[in-house]
Amino acid sequence: MKKKQQIIHRTKLFGGLKTAEEVHAEFGFRDRCLKCEGPPVLQIRMFMEHDEFLKRSPDMAAAIAMSNPDGMYVPSVPMTFGAMVKYATVTACRLHQKELEQTAAKAPSYILVELDYGPGCEKPFIQVPRAAAAS
Ligand SMILES: [Zn+2]
């Protein structure tokens, strides 16, 4: 059985100056809204499979490998579904949240979409590649 998440009370963060959401927006997201520079509530990270990235955009892969100071390779992140290349990071405010979620939902199957809503036990955290979910 899953352990219930502990609720962080307002008085515990900086003497009650900031809520957990505000602290996460400042130090976790580290960005403003893509469209209006508003305070962020959602960050979407998109990862592409490493082999798919090399196949679909060889020019960008070559440019990344050439400019990599550690060697001639494309940096990737090991994940449950294999090595992934971080493709895009976008942040949205509450006004543009739905628009960005709808755009992310239309991502092709080889893109892994990670939605980060920040802290809160009632908020969903979704990290499922659409190809694995369909099979
Ligand atoms: Zn916005």
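How many bridges join β1 to strand β3, and in which direction do the two strands run? Here are some friendly notes to help you find your way around.

1. **The opening question.** Strand β1 and strand β3 (residues 82–92) are joined by eight bridges, and the two run antiparallel. One pairing to look for is glutamine 43, whose bridge partner in β3 is threonine 91.

2. **What kind of model this is.** Please keep in mind that you are looking at a predicted model. The mean pLDDT of the protein is 83, with 79% of its residues at 70 or more. Among the elements, helix α3 (residues 58–67) has the highest mean pLDDT, at 94, and helix α5 (residues 130–134) has the lowest, at 53. Where pLDDT is low, the predicted coordinates should not be read in detail.

3. **The overall layout.** The protein contains five helices and five strands. If you trace the chain from the N terminus, the elements come in the order α-β-α-α-β-β-α-β-β-α. Of the 135 residues, 16% count as buried. Take the contacts between residues at least 6 apart in sequence: 68% of these join residues at least 24 apart.

4. **Strand β1 and its other partner.** Besides β3, have a look at strand β4 (residues 111–116), which is joined to β1 by six bridges and runs antiparallel to β1. Here methionine 46 has valine 113 of β4 as its bridge partner. Strand β1 is mostly covered, as six of its eight residues are buried.

5. **Threonine 91, a good place to pause.** This residue lies in strand β3. Is threonine 91 buried or exposed? Threonine 91 counts as buried because it has 24 C-beta neighbours inside 10 Å, and 20 or more are needed for that label. Leaving aside neighbours within four places in sequence, threonine 91 is in contact with Phe29, Asp31, Arg32, Cys33, Leu34, Pro40 and Gln43. Among these, Gln43 is also the β1 residue that has threonine 91 as its bridge partner. Aspartate 31 is another one to find: threonine 91 and aspartate 31 are 60 residues apart in sequence, yet their C-alpha atoms are 6.6 Å apart in space.

6. **Two positive phi values in one loop.** Most residues other than glycine have a negative phi. Which loop holds arginine 30? Arginine 30 lies between α1 (20–29) and β1 (42–49), and its phi is near 55°, a positive value. Glutamate 37 lies in the loop between α1 and β1 too, and its phi is near 60°, again positive. Arginine 30 counts as exposed because it has 11 C-beta neighbours inside 10 Å, where 12 or fewer is the cut-off. Glutamate 37 likewise counts as exposed, with 11 C-beta neighbours inside 10 Å.

7. **Lysine 18, ahead of the helix.** Lysine 18 lies in the segment before α1. What does lysine 18 touch, not counting residues up to four places away in sequence? The answer is Leu13 and Val23. With 14 C-beta neighbours inside 10 Å, lysine 18 counts as partly exposed.

8. **A route for your own viewing.** You might begin at β1, with antiparallel partners β3 and β4. From there, go to threonine 91 in β3, and then to the loop between α1 and β1, where arginine 30 lies. Helix α5, with its mean pLDDT of 53, can be left until the end.

Terms used. Residues are numbered from 1 along each chain as its sequence is written. This is a predicted model: local features need pLDDT of at least 70, side-chain atom pairs count only at pLDDT 80 or more; totals for chains, interfaces and linings use all residues. pLDDT is the predictor's confidence in each residue, from 0 to 100. Helices (H or I, at least four residues) and strands (E, at least two) are DSSP runs, numbered from the N terminus. Two residues are in contact if their C-beta atoms, placed from the backbone, lie within 7 Å. Two strands pair if DSSP finds at least two bridges between them.
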